[in-house]
Amino acid sequence: MTMLTPRSPAKLAPPGRTRRERKAAELEARTRLVGERLAATSARPAVRVLRSADASRHGLTHAEAALRLERHGPNTVAQERTPRWYLQLAMAYRNPFIGVLVFLAAVMYWQDPGDPGVVILCVMVAISGLLRFWQEFRSGRAAGALGRLVTTTCAVQRRAGSGSGPTTFEVPMDQVVPGDMVKLAAGDLVPADLRLITSKDLMVGQAALSGESLPVAKADTRTEDLGRPGTTDPVEADNLVLMGTSVTSGTATGVVVATGSDTYFGSMAGSLVGERPQTNFDTGVRRVSLLLIRFMLVMVPVVFMINGFTKGDWNEAFLFGVAVAVGLTPEMLPMVVSANLARGAVALSRRKVVVKRLGAIQNLGAMDVLCTDKTGTLTEDRIVLDRHLDVHGTEDDEVLEYGYLNAHFQTGLRNLMDQAVIDRVDEAEEVVVDARFSMVDEIPFDFARRRMSVVLNRNAIVGDAGRTEHVVITKGAVEEVLDLCTHVKDRGERVDLTEQLRWHATRIAEENNRQGLRVLAVATRTVAAPRDTYTVADEDGLTLVGFLAFLDPPKADAARALQGLAGKGIAVKVVTGDNELVAARVCADVGLDVGHVVPGAATDALDEHALRALAARTTVFAKVNPVQKARIVRALQAEGHTVGFLGDGINDAAALRDADVGISVDTAVDIAKESADIILLEKDLTVLEQGVVQGRTTFGNTIKYIKMTASSNFGNVLSVLVASAFIPFQPMLAIMLLVQNLVYDISQLATPWDRMDEEYLRRPRNWDAKGIGRFMVTIGPVSSVFDISMFLIMWHVFGANSEAHEALFQSGWFIEGLLSQTLIVHMIRTRKIPFIQSRASWPVMVMTVLAVLTGLWLPFSPLAAPLGFTALPAGYFPWLIGVLLAYCTLTQLVKTWYIRRFNTWL
């Protein structure tokens, strides 16, 4: 038998330059191949499809179904499973900087197993990884709890044996096999890819797969049989219903032509499993870590060599070199980053946002382009009656009344547009209508006619007892209904439908279509000779009453949310599977400058360079398939943008995964939630703006720590280089360096709770390794100027110029180094004047005071002797105050110059 068995992905996708390109090519090739095969299935007559599937209209036998289940496997698609807890824990420590800290701890332990620095470094590494692991583990569990299927079974027609009659069974969806006959009814999820064999009034919601907001009619007829050209897109095929879609009204029976990974949905899902592409956060952390490691690899050997040659004690020089390595390393970086991200995740959780991957918080702050799907994200994903118009385009209540009568009295399953008409009418009016009319007969909808009619009896009222007449009310596609009309209601009068009036009415319908509305025509006919039954032949000689226009309305907060994002420097682009007219209408309603709408098919012929240019200047892409969505995201990233994607459908999954930050909602399909980094538990789009601010605050506090610590440490190492060259003893003992770093680092634990200036939060923020290096070599030497000043003061003023007084020298520099390092936090944390124009949060202020007090206390404490300190004379402190004030003043001046020169600070 011939089934939809795709070739190996390796044979589909040409080798790309990167792993990400190969995955993208594999997704495109697999989806295209499955789509072509499904389109071919759609074009074949039902008899041939059944024969090729080795199936019968009566269904498979239980034995055949069992064999096929064993051969084809369960009807499930590839899913990205959450790693086990121990793998998540191991991945939390996958960071180049953590590797450096572990290496330094190992070297220190090898030199001295009792060195307290080993314990300090190990504790920092442990806390950093545990913070990250616990937050992501909790978020993963919360996201997993959202992934529950509403329906787990479907109706399948099977037989006990080859001679037995068919019986309908409810079977689990994962046990559906190729060749099964599946029965569909309103509310059912489509369990696999089906070729329809029979159907009645079938309407299918494909928003999750295609992005179309309105349900589409499906039938068991081929497109060619209706005189329309065939399609190569299986989503648009009239006689195919695909896995992941749902039935909104009507009934049907279809034969399963593909299951699991062989379905159109499965072809997309298969390429979404495995290692995720590197995001902006991952790349930024790696670059900054490597920058700091390079500084360390250059500076430490220099310090080691100078100390070895000048002091002659190579073992002590090695220990001091390791201590300098620790001093130069922002060892709290992994911990501060994890604490910042965890705090951001907790803050967002209070706004009912699940952060599945912590790095997504920083990516949210760095995001400068947001690509969003339309249906269900910008719109409410429901149909409303927007207007009811006469043939001149004027609101007319008579049109609403006749539309309501048609929807109210039909006996079949109402579709979403029927329900929208009914919802528009007041309950009191419904009671009056029920009293005035009664049902006589119905001419149901079918796919060929694209209309339906009800025949009503106009009940007698007081004073008109002898009057009896039947009214035919027809509602359907504009072209089909107009063809049956001979008259038109023109300002309350029934007049002949002239060619001019026909053209005018058609133009009104087309104008509303161009505004993104789905338009239906309403017509009536009064039957002078009533009877009990009516047929399609009675839908003739109709009088056109007017039009009903429907749309999927924008969310109430969508315009405000997009305006808020634009105010934060984020360009919003709509990438939807819906048609151009609907997309343009919705985008205009939410305040976007639509410009030229680009159809997805137009991107297929473009190379990567041309697509980058097109994506940069285009606001709205329409009729875009999943492969094209992901390609647009990658094109924007290639232009240097940090891209977010907001979507909730199957067709959004690839783009959600490729984006730097994928955002979905709790009502999204499972695969979209699995691919997303952030899930909104409530459809409140304004929380996105709050998330962006939180992301920028998180990033700002992280970069603040990096620049403060790296520049300060770089200055300290420069000071050590100078001291090592000219001073006959160690300027500071290795243990003192470790204690100084420990006290300073503990004070920095409050950094995640600091506030950022409003100006900083107004535009996207990104990693800039080059800028950090420039900051280090510009600001770091400022501290060296005053370290050297303190060297001179200790040497000449206090006589600490020999090995006999080295403890005094070391104690004096220890206090000055720690206090300057701690106070400079307030100079660097803002581009404004500290304490006057911008003040740190109270946790940062408290930790600063504690660090200063600790530094002043240590040389006079019981710990002084074990650590090598000695008490300082009272005359030292005025000099200390003068040096610190001069340091702060010069730093502010250098900061002002730096901002003017480079137009940046943090």
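A salt bridge is here a side-chain nitrogen of Lys or Arg within 4 Å of a carboxyl oxygen of Asp or Glu. The exercises below apply this criterion to a predicted model.

**Exercise 1. State how many salt bridges a search of the whole structure finds, and identify the residues that are linked in a network.**

Solution. Step 1: the search of the whole structure yields 24 salt bridges. Step 2: a network of salt bridges links Asp386, Arg387, Arg585 and Asp589.

**Exercise 2. Determine which parts of the chain are tied together by the pair glutamate 539 and arginine 451.**

Solution. Step 1: the two side chains, of glutamate 539 and arginine 451, meet at 2.9 Å, N to O, in a salt bridge. Step 2: glutamate 539 is located in the loop between β17 (518–527) and β18 (542–551), and arginine 451 in strand β13 (residues 451–458); the pair therefore ties together parts that are 88 residues apart in sequence. Step 3: glutamate 539 and arginine 451 are both buried.

**Exercise 3. Carry out the analysis for arginine 458 and glutamate 469, which form a salt bridge.**

Solution. Step 1: the closest N and O atoms of arginine 458 and glutamate 469 are 2.8 Å apart. Step 2: since arginine 458 belongs to strand β13 and glutamate 469 to the loop between β13 and β14 (470–477), the parts tied together are 11 residues apart in sequence. Step 3: glutamate 469 has a relative accessible area of 13% and is therefore buried, the cut-off for this class being under 20%.

**Exercise 4. Establish whether aspartate 754 is buried or exposed, and where its salt-bridge partner arginine 829 lies.**

Solution. Step 1: a salt bridge joins the side chains of aspartate 754 and arginine 829 at 2.8 Å, N to O. Step 2: aspartate 754 lies in the loop between α27 (734–747) and α28 (769–797), whereas arginine 829 lies in the loop between α29 and α30, so the pair ties together parts that are 75 residues apart in sequence. Step 3: aspartate 754 is buried, its relative accessible area being 5%. Arginine 829 is likewise buried, at 3%.

**Exercise 5. Describe the lining of the second largest cavity by residue, helix and class.**

Solution. Step 1: the structure holds 10 cavities of 30 Å³ or more, and the second largest has a volume of about 60 Å³. Step 2: its lining residues include Asp754, together with Lys704, Met708, Thr822 and Val844. Step 3: at least two lining residues come from each of α26 (686–726), α29 (806–828) and α30 (842–857). Step 4: by class, the lining comprises 3 nonpolar, 5 polar and 2 charged residues.

Key:
Residues are numbered from 1 along each chain as its sequence is written. This is a predicted model: local features need pLDDT of at least 70, side-chain atom pairs count only at pLDDT 80 or more; totals for chains, interfaces and linings use all residues. Side-chain values use heavy atoms; hydrogens and water are left out. On a 1 Å grid over the protein atoms alone, a cavity is a set of points where a 1.4 Å probe fits but cannot get out, and a pocket is an open set with protein on both sides within 12 Å along at least five of seven lines; lining residues have an atom within 4 Å of a point. Grid points are joined across faces, edges and corners, and a volume is the space filled by probe spheres set on the points. Helices (H or I, at least four residues) and strands (E, at least two) are DSSP runs, numbered from the N terminus. Ala, Val, Leu, Ile, Met, Phe, Trp, Tyr, Cys and Pro count as nonpolar, Asp, Glu, Lys and Arg as charged, and the others, Gly among them, as polar. Buried means under 20% relative accessible area, exposed over 50%, partly exposed in between (1.4 Å probe, protein chains only).
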